[in-house]
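Biologist: I would like to learn how to read a structure like this one. Please show it to me, and I will ask as we go.

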Amino acid sequence: MAEFEKILFKYIDSPDQDRIDTYIKNGGYAALEKAITTMKPEEVTDEVIKSGLRGRGGAGFPTGRKWSFLPKGIDKPVYLCVNADESEPGTFKDRELIEREPHQVLEGTLITAYAIKCKIAFIYIRGEFAYGAKQLNRAIDEARARGFVGKNLFGKGVDIEVIVHRGGGAYICGEETALLTSLEGGMGYPRIKPPFPAVAGLYGCPTIINNVETLANIPHIINRGASWFTTIGTPKSTGSKIFCMSGHVNKPGNYELPMGVPLRELLFEHAGGVRDGRNLKAVIPGGSSVPVLTADKIDVRMDFESLAEAGTMLGSAGVMVLDETTCIVRTAQNLAHFYQHESCGQCTPCRQGTYWMLAILHRIEHGQGTMEDLNTLTDICDNIEGNTICPLGDAAVPPVRSTIRQFREEYEYHITHKKCLPGTSPARFE
Ligand SMILES: Cc1cc2nc3c(=O)[nH]c(=O)nc-3n(C[C@H](O)[C@H](O)[C@H](O)COP(=O)(O)O)c2cc1C
Ligand code: SF4
């Protein structure tokens, strides 16, 4: 691949990049000034629509189009909620952006607030990210001292306040409607959609929810233009992506590369290949909620369309690598445990289905399974999918369904031999 000029991580290794002086020296806050002093809010939204930017939180919804769904001419405040809850297993990109480039996140938040005419933006940050919250609050204080946060920004009569809110400590609080309920002070229970948050969100008011990485792209789109952004990545998945490489790789970590980078290149050229020279068994390419790819399927490009064509998803781009020593049943059990634990319990198919999936996988892994269990697991998946209030239930299905589809013989081996395949041991996601 030709040399790629990083966008979001360009200055991440500069000393003091988290301080406002360094951020400004490296071009920071020029986009905010440009937006507020030379563009109308609608023009900012149009530029983001033209850029083709799609949400980086998992679903890949076009960002500018989401903003354009806000109802026009109603007499209610508009809110922006930045989703910094980052709890998807295998995903750790937003944390790095927040801790090391907090002003980039803040500038994206401020420009977005301007575009959607929001006066109070919330950054809902995962409760455990104490350092991230501290970094964001310091960034807000520094930006306020320069006149970038608060009242009458750039003398243009624009008021924007930004509030950091520490999250409720549950995976479900990252689901956008649960995030709103939690921010309002309630338990993080998802709400039925419609109404969508753009129409009735925080305190019943129109609300936009965007992921941290999504918004970190906004200053660059405003500075360099939508047409520049569309030259990066693929026609339908524009821009760069931060890929979180974890599991059995030699160089785990975050890698910013153009959308559409081949998975093989990402794994073997950037992340140093499979740990200890072992063979690859499988890759979970988009966080724990997406179908697994077997080792022979890694000649796929890492963008929304290519991964969908390959039968999986880009999701949050948490790429988990499993080498040949991994027990697939144990992996599925591990992930099922996560979803069972994190289900909020509101809907029966998710509450009961995740419980039974875990119980059955546990008994297969421990030598007490039957062949009929494989059908029961598939039945449970069928009963969860599409029958729940929020996508957590659906997200619990792919790790089970896809591993049964792709590694059925390994499940059958557990059932007939009452043990793991020789040479495999429980997976660990480091
Ligand atoms: C169970 C669950 C957890 C989620 N967790 C997060 C999260 O931690 N961060 C995030 O940005 N999106 C998360 N999402 C997706 C959000 O609901 C929402 O789609 C996203 O924040 C929208 O931002 P985007 O359009 O910029 O991607 C989660 C979704 C589900 C179903
Ligand atoms: S799908 Fe699961 S997590 Fe989502 S609302 Fe229903 S019970 Fe709660």
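Biologist: Which residues come nearest to ligand 2?

Modeller: A word on the model comes before that. It is predicted, so local features need pLDDT of at least 70 and side-chain atom pairs count only at pLDDT 80 or more, while totals for chains, interfaces and linings use all residues. Residues are numbered from 1 along each chain as its sequence is written, and chains are lettered from A and ligands numbered from 1 in the order in which they are written. A residue is near a molecule if its C-beta atom, placed from the backbone, lies within 6 Å of it. There are 14 residues around ligand 2, and Cys-344, Cys-347, Cys-350, Thr-388 and Cys-390 come nearest.

Biologist: Which helices supply at least two residues of that shell around ligand 2?

Modeller: Helices (H or I, at least four residues) and strands (E, at least two) are DSSP runs, numbered from the N terminus. Here helix 15 (348-365) and helix 17 (391-406) each supply at least two.

Biologist: How do the residues around ligand 2 divide by class?

Modeller: Ala, Val, Leu, Ile, Met, Phe, Trp, Tyr, Cys and Pro count as nonpolar, Asp, Glu, Lys and Arg as charged, and the others, Gly among them, as polar. The shell around ligand 2 has 8 nonpolar, 5 polar and 1 charged.

Biologist: How many residues surround ligand 1, and which are closest?

Modeller: Ligand 1 is surrounded by 24 residues, the closest being Gly-55, Gly-57, Gly-174, Asn-211 and Thr-214. Its shell holds 9 nonpolar, 9 polar and 6 charged residues. Strand 5 and helix 17 each contribute at least two of them.

Biologist: In what order do the strands of the sheet with strand 5 stand?

Modeller: Two strands pair if DSSP finds at least two bridges between them. Five strands form an open sheet in the order 3-4-2-1-5, with mixed pairing. Strand 3 (150-153) and strand 5 (207-211) are the edges; each has a single partner strand, so one side of each lacks a neighbour in the sheet.

Biologist: Which strands of this sheet run parallel?

Modeller: Strand 1 (residues 79-84) and strand 2 (residues 120-125) run parallel, joined by 6 bridges. Strand 2 and strand 4 also run parallel, with 6 bridges. Ala-121 shows both pairings: Leu-80 stands opposite Ala-121 on one hand, and Val-162 in strand 4 on the other. Strand 3 and strand 4 are antiparallel, over 2 bridges; there, Gly-150 has Ile-160 as its bridge partner. The hairpin of these two strands has 4 residues between the strands, and Phe-154 takes a positive phi near 55° in it.

Biologist: Which residues of helix 12 are buried?

Modeller: A residue is buried if 20 or more other C-beta atoms lie within 10 Å of its own, with C-beta atoms placed from the backbone. In helix 12 (residues 263-270) the buried residues are Leu-263, Leu-266 and Leu-267. They cover an arc (that of the directions from the helix axis to the C-beta atoms) of only 85°, which puts them on the same side of helix 12.

Biologist: Why would residues three or four places apart point the same way?

Modeller: An α-helix has 3.6 residues a turn, so residues at that spacing point the same way.

Biologist: What takes a positive phi just after helix 12?

Modeller: Gly-272 does, with a phi of about 80°.

Technical notes. Buried ≥ 20, exposed ≤ 12 C-beta atoms within 10 Å, placed from the backbone.
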